[in-house]
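Here is a walk through one model, chain by chain and then contact by contact. Keep the 3D view open as you read.

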Amino acid sequence: MNSMRLKKRLSTLVPYIIKVLVGVLFTSPILICFLYSFKPNGELLVSTLSTFLPKAPTLENFWYVVAKVRMQKYLTNTFIQCFSIIVCQLVFCSMAAYAIVFYRFKGKKFLWILILMSVMIPGDVIVISNYIQIQRWHLTNTHIGMALPYLVGGMGIFLMRQFYLTIPKELAEAAEIDGCSRLGFMWRFAVPLSIPSMASLAIYEFIAIYNRYFWPLLVVDKDRMRTIQLGMAYLEGGENGKVAYILAGASFCVIPAVIVFIFGQKFLVKGMTAGAVKG
Amino acid sequence: MKKLLMVFGVLLVAMCVLFAQGSGEKAAESDSPKTEDGKIIVPYWRCYTGSSAEFVDGIIAEFNASQDKYEVVPEYNGGYYDQFAKLMSTDRENLPAMCNSSSETVGSYLHSGLVKYAQDFIDADKNWSYNFYGNLVATYGVNGRLVGIPLGFSLSGFFYNAEIFEAAGIDPYSLTSFDRVYEAALKIGDGGYAKYAISEEHSGIWANYCFHREGLYTVDNNNGVDGLPTKVLYNEEPLKTVCYNYYKEWADLGAKGYVYPVGAKVKTALAPALGAKEVAMIITTNSYKSTMNDVFSQTGGTYGFVPMFSATDNGKQTGFCSSGNGFFIINNGHPDQQQGAYEFIKYFDSPSVQLRWMAKTGYLPMYDAVAQTPEYKEILASDNYTARVLEELGKSDYSAFYAFTAVNNIYSPAGATCLEAVINGADVQASIDQMCETINEAFKMYNLTNK
Amino acid sequence: MAKDRNPSLIPRKRKFEVAPYLLMLPAITLFGVFTFYPFFKTIFLSLSYTNKYGEFVQWAGFDNYVRVFKSTLFPKIMGNTFRFALMVGAGTLFFAMVFALVSASRERGSRVYEVMFAIPMAVASVPASVIFEFMMKKDGGLLNSVLGTSIAWLQDPKWALFAVALVTVWLHIGSSFIFLLVGFRNVPQELVECATLDGAGPVKKALRIFIPIASPQIFFVVFLNINSSFKAFGQIKLLTAGGPNNATKTIIYEMYENAIKNSRYETACVDALILFAILLIANRIQNALEGRLVFYK
């Protein structure tokens, strides 16, 4: 009896431990980064596997990143960007995808092809043209200028469409019979049901915004408007730069992201339960 | 689902508020280029990051406090390439009054149509007193007229680990040509004095500096004074033989495994390897001094720096090409700002600032008045090689320098690619041909579209 | 699709409805201004010569295309592009699928490894590149020490593309993992339990239940990976800058160099259109497969 229970427990515990170990291995670059950012630059430069832990841990690198470069300011800007772009993306992409899936109208196919095409247009060529446009509107050094070209995305519309296609059409039909308009159906059923997909889209966008470098570089030339990526580039430091600062900066911008992330995943899990209701 | 709608509504309003904040501030300040106390704002795109930027910012604060006419405001707008790309696509009203960039980009700035000749400001100024060394004037000017003004003077050459050289019985200062460097590398490699005998910072410009020391020009614009080049001369005598041998020797060293993998960065890989005696020398610029100090403070041992070699022993050993950084005054439609920029440049190049700057970065003096100060003598005494470097510098003339090309972003990486190819076993002549094709096409396209 | 199953899709009266147009309005306006207008400019400029400011100088006809296609580097760049996309696309999909399948069933403490599998996506490419540069050093690098090899991962032309792809896969797995997890978690629990009672092993369950039911998400992830692997370039720029000996130069990197570094704007436009064509073809193929492979309720 006892041994059987033990066996059963082992049979769940062992795979669990294996999964966690794989997870640790998978995330080890982040852990290394974090450990290394406590090393003084000199020690870091000569570190090898055998000197994995910091011999003389220092907070100097973090101090530099926070007090001197003031990464937290850049982080705030990035979060403002993330927040505004994600909200717009969710609204605009849901609207467009809903129209594509639940309506029949003239030119639908054409518009859908346009949206698909927009995903395939590579960014670096159009970025300069957009910069010229933003300058013309005097929107440089503003959050709106930084966000404007990214407020809607083909990828987001595509993702939302993928989800709406899984909603049984009978549901919309039944709702209509009950006197719910097509738009009402969107607010009452489609949008709440799509929360997991929206969460995925939000996370996808979060990474995209977080990683954006050249566009903010073009649109911004005031320190107060900089984003985290520009801050990281600034830490690089040229010939006199210190690698330790870059790693500290990396750790500094990874930590809040991880927190957002764990929270976001919780939301995602909640959303997934909501999604399961539709059954 | 009214709740959901409301949430979205609130989010949208919150967003609009955030947006409005940004745009409001902008509108308030774009009208007037003056500060509250009436100083003219001089926007400066400072292409420096990290501790160098900190130093420059400190000097800016000093300058701003030292007079009440100009207020220099630094902004970082990316590395050399990013900054230039941004400058070229920025409307005139948003342009800064000055920027700085590395010496290889002088040609790009000269031909950008954005730069005001610094010499015009110097000529109008009776108090200008800095008599820059000839190679700096040659690097930053055309026919003796300065396009930009140098702000720091560094030299190409190689760092070496003194203990390895001592063990191998080689005098680093005897390596005045790449042929000698090659022999020394063979000796170090064959004798097992270090795992890798030689390494190069990932850049194509060192080869060109080497050819220029030889007394040979690499492009056909007569050492930069006859406008823009139309072709490279790597495949034309007399450079052809020299160039082929240079890359052939690299190929040999590469085949023997004596070259540290090319592409590894100085800060993260090469400097630590030098300290750990894994590599005997690094071809790069002397401005990595603080990184080297960081490394050697951990590993112990000593290092030194030898300025650039020529290709062969027959080389004319003409002037050392200067690398380093210079200021450019930008034609942004505000002469008062440009004048402010010029005043700041003068301040930055003054002996009191330069002495601190050199102590920090390892840059060399740009004119005699600095070199002769007792403070500089102290800096010289703080290491064991700078005095020797200056001595070598004094032996050369200024007749060769890094010729201007407007497409340096293609010109110099092509050389790096060629080096990568030959070290990894590609055919030497084919690699040189590929390099020539890339560069010549860039010249052709540039000359075709920019009349 | 069975028309009679979706009567709601067919309006009873042929009356003009303004709602769908209003719904699409913001998206189409933004696309028009910030994507399609510049895109048409791209096509226009690819047929002309541009000066150092990226402005039109004169017509070139198809000269730019001929120049790009005839360049001796072009075959190499295209080869790199496809090999890189294959490595990144397939690698990401494979690992994300495995990770998502092993975490498909919720258990106590599963959040721990779920977060771990997804976390690299919170790391931007700049810090990731710095870390991997350290790990991939030939001498004293972690990767070589662990594997017992002596490879110059980022400096050896034979390995560089693979090494950059490895970093890219690491960066990309997280998002694909989450998308797939959403799909797999939507599989009704009863179905999985039934299959377990029938004695289906984990592989069989994956192939018969999870993958078919999550096919819309899988389809999306494939779409995402095709697009993102052809367009991945931050890591290339930071880790190898297209080297050694052009071994990691892909079409997107070439485009970036031409547009930003080299001020050869028209050439960048040609590169952009080539990439566009590749993606278009890939997506046409994929759409043709969608009808057959994807299972919508």
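**Chain B and its two domains**

In chain B, 77% of the contacts with a separation of 6 or more join residues 24 or more positions apart. This is a predicted model, and every value below is computed from it.

Chain B has 451 residues, and 55% of them are buried. Its secondary structure comes to 19 helices and 11 strands. The C-alpha atoms of chain B fill a box of roughly 75 × 70 × 50 Å along the principal axes. How does the radius of gyration of chain B fit a compact globule of 451 residues? Such a globule would have a radius near 22 Å; chain B has 24 Å, which agrees.

The domain assignment splits chain B in two. Domain 1 covers 37–153 and 323–381. Domain 2 covers 155–321 and 404–449. Each domain is thus listed as two stretches of sequence. The C-alpha centres of domain 1 and domain 2 of chain B lie 28 Å apart. Where the two meet, domain 1 of chain B gives 18 residues and domain 2 of chain B gives 19.

Look at the side of domain 1 of chain B that touches domain 2 of chain B. Three elements give two or more residues to this side: helix H4 (106–110), helix H6 (134–140) and strand E11 (322–330) of chain B. Which of the elements provides the largest share? H4(B) does, with 4 residues. By class, this side of domain 1 of chain B has 6 nonpolar, 11 polar and 1 charged residues.

**Chain A, built from helices**

Now turn to chain A. How many helices and strands does chain A have? The count is 14 helices and 0 strands. Read along the sequence, the pattern of chain A is α-α-α-α-α-α-α-α-α-α-α-α-α-α.

Chain A has 279 residues, of which 57% count as buried. Take the contacts in chain A between residues at least 6 apart in sequence: 76% of them join residues at least 24 apart. The C-alpha atoms of chain A fill a box of roughly 80 × 70 × 30 Å along the principal axes. A compact globule of 279 residues would have a radius of gyration near 19 Å, but chain A has 24 Å.

Chain A is also assigned two domains. Domain 1 of chain A runs over 2–51, and domain 2 of chain A over 69–276. Their C-alpha centres lie 32 Å apart. The contact between them takes 10 residues from domain 1 of chain A and 8 residues from domain 2 of chain A. On the domain 1 side, H1 and helix H2 (41–45) of chain A each supply at least two residues. The largest share of that side, 4 residues, comes from H1(A). The side of domain 1 of chain A that touches domain 2 of chain A divides into 7 nonpolar, 2 polar and 1 charged residues.

**Where the chains meet**

Start with chains A and B. Their contact takes 42 residues from chain A and 42 residues from chain B. Several helices of chain A give two or more residues to the side that touches chain B. Among them are H2, helix H4 (71–102), helix H10 (182–193) and H14 of chain A. By class, the side of chain A that touches chain B has 21 nonpolar, 12 polar and 9 charged residues.

Next comes chain C. Here 77 residues of chain A are in contact with 80 residues of chain C. Helix H14 (residues 243–276) of chain A gives the largest share of the chain A side, 14 residues. The side of chain A that touches chain C has 56 nonpolar, 14 polar and 7 charged residues.

**One helix pair up close**

One pair of helices links chain A with chain C. The axes of helix H1 (residues 2–36) of chain A and helix H5 (residues 125–135) of chain C come within 10 Å and cross at roughly 90 degrees. That makes H1(A) roughly perpendicular to H5(C). Which residues make this contact? From H1(A) come Pro29(A), Ile32(A) and Cys33(A). From H5(C) come Pro127(C), Ile131(C), Phe132(C) and Met135(C). By class, the contact of H1(A) with H5(C) has 7 nonpolar, no polar and no charged residues.

Technical notes:
Residues are numbered from 1 along each chain as its sequence is written. Chains are lettered from A and ligands numbered from 1 in the order in which they are written. This is a predicted model: local features need pLDDT of at least 70, side-chain atom pairs count only at pLDDT 80 or more; totals for chains, interfaces and linings use all residues. The radius of gyration is taken over C-alpha atoms; the globule rule is 2.2 Å times the number of residues to the power 0.38. A residue is buried if 20 or more other C-beta atoms lie within 10 Å of its own, exposed if 12 or fewer, and partly exposed in between; C-beta atoms are placed from the backbone. Two residues are in contact if their C-beta atoms, placed from the backbone, lie within 7 Å. Domain bounds come from an automatic or database domain assignment. Ala, Val, Leu, Ile, Met, Phe, Trp, Tyr, Cys and Pro count as nonpolar, Asp, Glu, Lys and Arg as charged, and the others, Gly among them, as polar. Axes are lines fitted to C-alpha atoms, for helices over the stretch in contact, and angles run from 0 to 180 degrees between N-to-C directions. Angles under 35 degrees count as roughly parallel, over 145 as roughly antiparallel, 65 to 115 as roughly perpendicular and the rest as oblique.
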